[in-house]
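Me: I have a structure on my screen and I want to learn how to read it. Can we go through it feature by feature?

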Amino acid sequence: GEAKAAVLKAREALELNDKHIIALIQLISAQTALGNFTELQQLIDGLPAELLQWPNIEIRTGIYYAASGEAEKAWEVYREYTVNPPYEGGMVIIAALALQLGDVEGAIDIMEGEVERNSWTQAWARTLYRNNDVLKDHPRYLAVLKSMHLDDESVAELKRRMTFE
């Protein structure tokens, strides 16, 4: 939730290693969130092809394309990765691309698929999207959370039962 701080920390990491994948992913995500599209395009233009083709970077670049109004480029990325998923559990971030493109039902389809496959990333459906204005009250999304026992009531009950005393 601290995009400006994320940009600073990502840049610090990139000073140590200009191909630091996690730092690049976070920098792309934070710059997209801030709407710093000119800086972001310069970053993308300067990345080597092998990094641009790395799924986590390419998908986040797709999110940037959607946010910046380059919908056709974003849809190309989305179609590619929905047909050829990047890796086990990698679909959760593609749901973010679907949401950025306005494909709410597609995003929920992806989350349901992660639950059906018992993917290790399925819990991110709550972590990443619970406060999303489009999803937070959507009946299908709430059903996904309930199926994992990550709906608000289940989480509140778990917190009530947990104690560290």
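Reply: We will take salt bridges, one helix, a few loop residues and a surface patch in turn. Keep in mind that this is a predicted model.

Me: Let us start with charges. How many salt bridges does the count come to?

Reply: Look for a side-chain nitrogen of Lys or Arg within 4 Å of a carboxyl oxygen of Asp or Glu. By that rule the count here is 13 salt bridges.

Me: Show me an example. Which side chain does arginine 79 meet in a salt bridge?

Reply: Arginine 79 meets glutamate 72, with 2.8 Å from N to O. Check the surroundings too. Arginine 79 has a relative accessible area of 41%, so this residue is partly exposed. Glutamate 72 is also partly exposed, at 48%.

Me: What is the distance between the closest N and O atoms of aspartate 109 and arginine 140?

Reply: Those atoms are 2.5 Å apart, and the two residues form a salt bridge. Now look at where the partners sit. Aspartate 109 belongs to helix α8, residues 104-116, and arginine 140 to helix α10, residues 139-147. They are 31 residues apart, so the pair links distant parts of the chain.

Me: How accessible are aspartate 109 and arginine 140?

Reply: Aspartate 109 has a relative accessible area of 43%. Arginine 140 is at 24%. Partly exposed covers values between 20% and 50%, so both fit that class.

Me: Which residues are joined into one network by salt bridges that share partners?

Reply: The network consists of Glu105, Asp109, Glu112 and Arg140. Trace it on your screen from one residue to the next.

Me: Lysine 146 has a salt bridge too. Which residue is its partner?

Reply: The partner is aspartate 151, and the N to O distance is 3.9 Å. That value still passes, because the cut-off is 4 Å. Aspartate 151 is at 10% relative accessibility, so it counts as buried.

Me: Now helices. Which residues of α10 are buried?

Reply: To read a helix, ask which residues are covered and which way they point. In α10 the buried residues are Tyr141, Val144 and Leu145. Seen down the helix axis, they fall within an arc of 95°, so they line one face of α10.

Me: What do the buried residues of α10 pack against?

Reply: They pack against α8 and α9.

Me: Which exposed residues are on the face of α10 turned away from the buried side?

Reply: That face carries Pro139 and Lys146.

Me: Histidine 138 caught my eye. Where does it lie, and is it buried or exposed?

Reply: Histidine 138 is in the loop between α9 and α10. Its relative accessibility is 17%, so it counts as buried. Then ask what surrounds it. Apart from neighbours within four places in sequence, histidine 138 is in contact with Val104, Glu105 and Ile108. A polar atom of its side chain also lies 3.1 Å from the backbone nitrogen of arginine 140.

Me: Next, backbone angles. What is the phi of asparagine 118?

Reply: When you see a positive phi, check whether the residue is glycine. Asparagine 118 is not, yet its phi is near 55°. You will find asparagine 118 in the loop between α8 and α9. At 58% relative accessibility, this asparagine counts as exposed.

Me: Which residue just after α10 takes a positive phi?

Reply: Histidine 149 does, with a phi of about 60°. This histidine lies in the loop between α10 and α11. Histidine 149 is exposed, with 58% relative accessibility.

Me: Now the surface. Which residues form a nonpolar patch?

Reply: Look for nonpolar side chains that sit together on the outside. Here Trp120, Trp124 and Leu128 form such a patch, with about 360 Å² of accessible area together. Take tryptophan 120 as one of them. It is found in the loop between α8 and α9, and it counts as exposed at 56% relative accessibility.

Me: One last comparison. How far apart are lysine 159 and arginine 140 in sequence and in space?

Reply: Always read the two separations together. These residues are 19 residues apart in sequence and 24 Å apart in space, C-alpha to C-alpha. Lysine 159 lies in helix α11 and is exposed, with 61% relative accessibility.

Conventions: Residues numbered from 1 in each chain as written. Predicted model: local features only at pLDDT ≥ 70, side-chain atom pairs only at ≥ 80, totals over all residues. Heavy atoms only, no water. Buried < 20%, exposed > 50% of the residue type's maximum accessible area, 1.4 Å probe, protein only. Helix = DSSP H or I, 4+ residues; strand = E, 2+ residues; numbered from the N terminus. Patch = residues over 30% accessible without salt bridge, like charges linked within 9 Å, V, L, I, M, F, W, Y side chains within 5 Å. Areas by Shrake-Rupley, 256 points an atom, 1.4 Å probe, with all protein chains shown as cover. Arc of directions from axis to C-beta. Contact = heavy atoms within 4.5 Å. Polar contact = N/O pair within 3.5 Å; in protein donor to acceptor, adjacent residues only side chain to side chain.
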